[in-house]
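Me: Please take a close look at one part of this model and show how it is connected to its surroundings. I should like the cut-offs behind each term as it comes up.

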Amino acid sequence: MQKKILILNGPNLNLQGTRDVATYGTTTFDDYMSQLRARYEGRAEFDYFQSNIEGELINAIHQSVGRYAGIVLNAGGYTHTSVALRDAISAVATPVVEVHISSILAREEFRHTSMIAPVAKGSIMGFGLDSYRLGVEALLG
């Protein structure tokens with residue numbers, strides 16, 4: 001049975017492929033989503049949403065209930081600061097897998113703490129864009 005999964009990206013991830021390419025690579029997220037859709041054709045259907053606005057990400061999490069089998073979430077910088085995103089994840093039954101392109105533990109100290117990890121199904125980081133595929137695998141079980 002095909003599962004519907006929401007890929008949810010936070011601030012600055014709209015710049016994927018052009019921002020800090022040494023850390024994040026040159027593949028755009030639109031190109032990566034095409035690859036992900038092709039890889040899971042028949043197994044998973046994907047919706048994608050990105051916002052630089054915290055409240056829009058919270059709304060997407062709230063609206064996931066009954067619509068998605070899970071969310072793969074890269075909250076970007078909100079990972080380290082947003083109690084509101086953490087509370088939104090806690091408030092819904094939709095499982096969330098936290099992902100990061102880089103390893104937040106190998107970066108600046110202020111990035112070492114995730115507000116999201118304690119309420120997520122799991123966390124995957126440091127595997128480049130492949131972190132998203134691993135997140136999808138975790139949701140597909």
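Reply: Helices (H or I, at least four residues) and strands (E, at least two) are DSSP runs, numbered from the N terminus. The model is a predicted one, in which local features need pLDDT of at least 70, side-chain atom pairs count only at pLDDT 80 or more, and totals for chains, interfaces and linings use all residues. Residues are numbered from 1 along each chain as its sequence is written, and side-chain values use heavy atoms, with hydrogens and water left out.

The part chosen here is strand S1 (3-9), together with what surrounds it. S1 belongs to an open sheet of five strands, whose order is S2-S1-S3-S4-S5 and whose pairing is parallel; two strands count as paired if DSSP finds at least two bridges between them. S2 and strand S5 (122-125) form the edges, each pairing on one side only. On average, neighbouring strands of the sheet are turned by 20 degrees against each other, direction ignored. Such angles run from 0 to 180 degrees between N-to-C directions, with axes fitted as lines to C-alpha atoms, for helices over the stretch in contact.

S1 has S2 as one neighbour and S3 as the other. Seven bridges hold the parallel pair S1 and S2, and Glu-45 of S2 is the bridge partner of Lys-4. Towards S3, which runs parallel to S1, there are five bridges; here Asn-74 of S3 is the partner of Asn-9. Helix H3 packs on the sheet, where it touches S1, S2 and S3, and its direction makes about 170 degrees with that of S1. Contact means heavy atoms within 4.5 Å. S1 is mostly covered, with five of its seven residues buried; buried means under 20% relative accessible area, exposed over 50%, and partly exposed in between (1.4 Å probe, protein chains only).

Helix H2 (residues 29-39) also meets this strand. Its buried residues are Phe-29, Tyr-32, Met-33 and Leu-36. They lie on the same side of H2 because they cover an arc of only 100 degrees around the axis, the arc being that of the directions from the helix axis to the C-beta atoms. These buried residues pack against S1, strand S2 (44-50) and helix H5 (130-140). On the other side of H2, Asp-30 and Ala-38 are exposed.

Charged side chains also connect S1 to S2. Lys-4 and Asp-47 meet in a salt bridge at 3.5 Å, N to O, a salt bridge being a side-chain nitrogen of Lys or Arg within 4 Å of a carboxyl oxygen of Asp or Glu. The pair links distant parts of the chain, since Lys-4 is in S1 and Asp-47 is in S2, 43 residues apart. Lys-4 counts as partly exposed because its relative accessibility is 27%, and Asp-47 is also partly exposed, at 23%.

The structure holds two salt bridges. The one between Arg-133 and Asp-130 spans 2.7 Å, N to O. These two residues are three apart in helix H5, so about one helical turn separates them. With a relative accessible area of 17%, Arg-133 is buried, whereas Asp-130 counts as partly exposed at 31%.

Along the chain, S1 is joined to helix H1 (21-24) by a loop that holds Gln-16. Gln-16 counts as buried because its relative accessibility is 6%. A polar atom of its side chain lies 2.7 Å from the backbone oxygen of Tyr-24, and a polar atom of that side chain lies 3.1 Å from the backbone oxygen of Thr-27. A polar contact is a pair of N or O atoms within 3.5 Å; within protein, one must be able to donate a hydrogen and the other to accept it, and residues adjacent in sequence count only if both atoms are side-chain atoms. Leaving aside neighbours within four places in sequence, Gln-16 is in contact with residues including Phe-29, Ile-101 and Leu-129.

On the side of S3, the loop between helix H3 (54-62) and strand S3 (70-74) contains Gly-66. Gly-66 counts as exposed because its relative accessibility is 83%. Thr-94 lies 28 residues from Gly-66 in sequence and 7.9 Å from it in space, C-alpha to C-alpha.
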